[in-house]
Amino acid sequence: MKKTIIILTICSLFGCLVYSQIEKKTKTMAEQKTYPKALVNFDDFKDLTSEVEKHRQSRLVSLDDFLKMSREPNTIILDSRSTFRYERKHLKGAVHLSFTDFTQRNLEELIPDKETRILIYCNNNFDGDQIDFASKMAMPESLPETQILTNRKPVMLALNIPTHINLYGYGYRNVYELDELVNVNDKRIEFEGTVVLK
């Protein structure tokens, strides 16, 4: 009888041990659930950004050069702001493709020839109209006086840079970017759109 109880106790303990190991393994597998990774690669983006940085330096132009180039053959002005902003107000003659709609196919439909000169601008190129050209920047948070010693400044988040990077990544290398901050009342420019007085 004692022998049977001891054997049953040992079997019971062994069963508990095996069950515990199975349960632990199941939990570990659940915690390590595998799923397909998103089509995102930060290293690819960093490499592309580094390449574009050097290329972009010689592609920043003044408003006068921008306007002169816009009148030359095989040149377009591309507005990649939201459809809402574009429809309200954009540089006269600009074509539109929202940055969120950039795909290889959409770009090839809009700009089939990769040698086309593409002129880009964004909200941060215009001053004097924060409704239609709202500046994209992150302002530093308010800090107590004791912490103001840190030289914090606004971070510019202009759409020009990601637009330039993406166009380059899709194979469009003939891209020029407006580098000037222009007042919306500047007589050199002309706008069109639903809110522009004719």
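1. A polar contact is a pair of N or O atoms within 3.5 Å, and that cut-off is the one to keep in mind for T75, whose side chain reaches the backbone oxygen of E72 at 3.3 Å. The side chain of T75 also makes a polar contact of 3.3 Å with the side chain of R117. The model discussed in this note is a predicted one.

2. For a reader new to the structure, the overall picture may help before the details. The protein has six helices and eleven strands, and buried residues make up 29% of its 198 residues. Among the contacts with a separation of 6 or more, 71% are between residues 24 or more positions apart. The protein exposes about 14100 Å², and carbon and sulfur atoms supply 57% of that area.

3. The sheet deserves attention next. Five strands form an open sheet in the order β1-β9-β5-β2-β4, with parallel pairing, and its edge strands are β1 (60-61) and β4 (95-96), each of which pairs on one side only. Strands of a sheet pair through backbone hydrogen bonds, either parallel or antiparallel. In this sheet, β2 and β5 are joined in the parallel sense over five bridges, while three bridges join β5 to β9 (residues 175-178), again in parallel. Two bridges connect β2 to β4, which also run parallel.

4. Individual residues show where these pairings fall. T75, which is found in strand β2 (residues 75-79), stands opposite R117 in β5, and D79 stands opposite H96 in β4. On the other pairing of β5, the bridge partner of L119 in β9 is Y176.

5. Is T75 buried or exposed? It counts as buried, because its relative accessibility is 13% and the cut-off for buried is under 20%. Leaving out residues up to four places away in sequence, T75 touches M69, S70, T116, R117 and L119, so that R117 appears among its contacts, as its partner across the strands and in the side-chain polar contact of 3.3 Å.

6. Why can strand β5 be called largely enclosed by the rest of the structure? The reason is that five of the five residues of β5 (residues 117-121) are buried. In a regular strand the side chains alternate between the two faces of the sheet. Both faces of β5 are covered, with R117, L119 and Y121 buried on one side and I118 and I120 buried on the other.

7. Helix α6 (residues 160-169) also contains buried positions, namely N160, T163, H164, I165, L167 and Y168. The cover over these buried residues of α6 includes α2 (42-56), β2, α5 (104-110), β5 and β9. The helix is followed by G171, whose phi is positive, near 100°.

8. A search of the whole structure finds twelve salt bridges. Side chains of opposite charge can pair when their charged atoms come close. In one of the twelve, the side chains of E177 and R56 meet at 2.8 Å, N to O, and this pair links distant parts of the chain, with E177 in strand β9 and R56 in helix α2, 121 residues apart. Both partners are buried, since E177 has a relative accessibility of 3% and R56 has one of 18%.

9. A further salt bridge joins the side chains of E190 and K92 at 3.3 Å, N to O. Because E190 lies in the loop between β10 (182-183) and β11 (191-192) and K92 in the loop between β3 (90-91) and β4, the pair ties together parts that are 98 residues apart in sequence. E190 is partly exposed, with a relative accessible area of 49%, and K92 is partly exposed at 45%.

10. The side chains of R188 and D186 meet in a salt bridge of 2.8 Å, N to O, and R188 is partly exposed, with a relative accessible area of 36%. These two residues belong to a network of salt bridges that links D64, E180, D186 and R188.

11. Two further places are worth inspecting. T83 lies in helix α4 (residues 83-88) and counts as partly exposed at 37% relative accessibility; leaving aside neighbours within four places in sequence, T83 is in contact with H96 and S98. T83 and S98 are 15 residues apart in sequence and 6.3 Å apart in space, C-alpha to C-alpha. Elsewhere, M137, M139 and M156 make a nonpolar surface patch of about 320 Å²; of these, M139 is placed in the loop between β7 (137-138) and β8 (155-156) and counts as exposed at 55% relative accessibility.

Terms used: Residues numbered from 1 in each chain as written. Predicted model: local features only at pLDDT ≥ 70, side-chain atom pairs only at ≥ 80, totals over all residues. Heavy atoms only, no water. Helix = DSSP H or I, 4+ residues; strand = E, 2+ residues; numbered from the N terminus. Buried < 20%, exposed > 50% of the residue type's maximum accessible area, 1.4 Å probe, protein only. Polar contact = N/O pair within 3.5 Å; in protein donor to acceptor, adjacent residues only side chain to side chain. Contact = heavy atoms within 4.5 Å. Patch = residues over 30% accessible without salt bridge, like charges linked within 9 Å, V, L, I, M, F, W, Y side chains within 5 Å. Areas by Shrake-Rupley, 256 points an atom, 1.4 Å probe, with all protein chains shown as cover. Salt bridge = Lys/Arg side-chain N within 4 Å of Asp/Glu carboxyl O. Pairing = 2+ DSSP bridges.
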